[in-house]
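New to this protein? Let us walk through it together, asking at each step what stands behind the words.

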Amino acid sequence: LFDSVELAPRDPILGLTEQYNADTRPNKVNLGVGVYYDDNGRLPLLESVRKAELALVEAASARGYLPIEGIAGYNKGAQTLLLGKGSPLLESGRALTAQALGGTGALRIGADFLKQLLPAAKVLISNPSWENHRALFERAGFVVDTYAYYDAQTHGLDFDGMLASLKAAEPRTIVVLHACCHNPTGVDPSAEQWQQIVQVVKERQLVPFLDIAYQGFGDGVEEDASVVRLFVQNDLTVLISSSFSKSFSLYGERVGALTLVCSSKEESARVLSQLKRVIRTNYSNPPTHGGAIVSSVLNSPELYQIWTDELGAMRQRIRAMRQQLVDVLKARGISQDFSFVLKQRGMFSYSGLTPAQVERLREEFGIYAIGTGRICVAALNSKNIDYVADSIAKVIA
Ligand code: PLP
Ligand code: TYF
């Protein structure tokens, strides 16, 4: 049976971590995978999460099956984060949310649901995008193409190209958009540019699928939801995948959500019934523990405050690392201007390093970056920043 099975390539990002783990050099640095580390290079356990978890353990309860769509309080919390506390949509019954296995799981149940509705639709992802976007939508049966996004010359957005790609798309094309903190480039459209994107999506009758995996890492939890709210205010039917992996530092708990904004309460009920079918045939219902933690934090004013403060501290630390990287590189006298790193948002920077330079960083210095030049700024800290900047200065000299 398995004779003809070929060896599949490794995930380009997760595979790099395997290589990093096998590296015995003590000063090695993993700038590959998109994970937030604290200034000691450790994965943080957030205080808000610790408190919520202790209370859950204290009140130990049996683990029954959750409803197919997950914990009600979790879904309400996820929806409120996206739409905003006072949003009339929350009460309208038009928005529905299902707890999902991370942002990836949310994308996947959304993709499976869309495949059923729009079997012949094409999916457009940004060029470049998170590696898994293409693979995931292809596996769900879609043909995946790209829209113009990144301009390597300016280290910024190719906005004209992006609009042109979207304008050329057939009606009902599914467009995956990063709602904030674009992975892998760190380059986001401005508020004015988003207005224009929304208009084109509307005019061309495209189907927006917003992916928000870094809410809180740009300007703040509320600020980073502004793109989601813009789409919703323009009466667009929209799908949104949320991930709490990074914002709660709960990667392994698989905490995410799929939210769909429908045009009526009645429509929403029909849509949810079908989405539940997709979930049931995939994994039946989501796991309890991570969802219970996030739900506790989102629904307790005290824990929520602690959480947003912690998220703010992570955001500020990443900003400080961007600044230090630029400052140290400048101090090393390199001729290239790296100030674009300060304009990029979220965890990542498209550094402009070439594949050969990335390889040298890995081979000679034990510094692991993605071949595209993407580095995870959230893995820099006060102890490794000089070594990283020195090494970068050497490979670009
Ligand atoms: N979408 C984007 C843009 C991401 O960068 C990630 C990163 O992991 C995900 C989705 C998936 O998140 P999760 O780990 O919660 O599945
Ligand atoms: O882009 C990243 O590094 C994160 C982590 O298949 C990740 O989003 C990478 C690859 C993958 C799943 C998660």
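What follows is a friendly round of questions and answers about this predicted model.

Q: How do you know that the protein is described with two domains, and where do they lie in the chain?
A: The domain assignment gives domain 1 as 14-45 + 304-396 and domain 2 as 63-299. Taken over C-alpha atoms, the centres of domain 1 and domain 2 are 27 Å apart.

Q: What makes up the contact between them, and how many residues does each domain give?
A: Domain 1 contributes 24 residues and domain 2 contributes 22 residues. A residue counts here if its C-beta atom lies within 7 Å of one across the boundary. On the side of domain 1 that touches domain 2, helix 12 (301-331) and strand 11 (348-350) each supply at least two residues. Helix 12 gives the largest share, six residues. By class, that side of domain 1 has 14 nonpolar, seven polar and three charged residues.

Q: What does the UniProt record say about residues 27-392?
A: In an unreviewed entry, UniProt lists residues 27-392 as "domain: Aminotransferase class I/classII large". In the model, this span is 46% helix and 16% strand, and its end C-alpha atoms lie 15 Å apart.

Q: Why are strand 3 and strand 4 said to pair?
A: Pairing asks for at least two bridges. Strand 3 (residues 122-127) and strand 4 (residues 143-148) have six bridges, in the parallel sense, so they pair. One of the partnerships joins S126 to Y147 in strand 4.

Q: Why does strand 3 also count as paired with strand 7?
A: Strand 3 and strand 7 (residues 174-178) have two bridges, again parallel, and at least two are needed, so this is a pair as well. Here V123 has I174 of strand 7 as its bridge partner.

Q: What makes strand 3, helix 6 and strand 4 a right-handed unit?
A: With the strands pointing away from the viewer, a right-handed path from the first strand over the helix to the second runs clockwise. Strand 3, helix 6 (residues 131-139) and strand 4 form a β-α-β unit of this right-handed kind.

Q: Which residues are around ligand 1, and what makes them count as near?
A: The test is a C-beta atom within 6 Å of the ligand. Those around ligand 1 are G34, G102, G103, T104, W130, H178, N183, D211, A213, S243, S245 and G256. Helix 5 (residues 102-117) brings the largest share of this shell, three residues. By class, the shell has two nonpolar, nine polar and one charged residues. Glycine is counted as polar, so G34, G102, G103 and G256 belong to the polar group.

Q: How do you know that both domains take part around ligand 2?
A: The shell around ligand 2 draws at least three residues from each of domain 1 and domain 2. Its members are D11, I13, L14, V33, G34, W130, N132 and N183. By class, they are four nonpolar, three polar and one charged.

Q: Which backbone details stand out, and what makes them unusual?
A: Most peptide bonds are trans, and most residues other than glycine have a negative phi. The bond from N127 to P128 is cis, with omega near 0°, and P128 lies in the loop between strand 3 and helix 6. The bond from N183 to P184 is also cis, with omega near 20°; P184 sits in the loop between strand 7 and helix 8 (191-203). R172 has a positive phi, near 70°, and is found in the loop between helix 7 (159-167) and strand 7.

Notes
Residues are numbered from 1 along each chain as its sequence is written. Chains are lettered from A and ligands numbered from 1 in the order in which they are written. This is a predicted model: local features need pLDDT of at least 70, side-chain atom pairs count only at pLDDT 80 or more; totals for chains, interfaces and linings use all residues. UniProt positions are given in the numbering used here, feature names are shortened, and annotations may be inferred rather than shown by experiment. Helices (H or I, at least four residues) and strands (E, at least two) are DSSP runs, numbered from the N terminus. Domain bounds come from an automatic or database domain assignment. Two residues are in contact if their C-beta atoms, placed from the backbone, lie within 7 Å.
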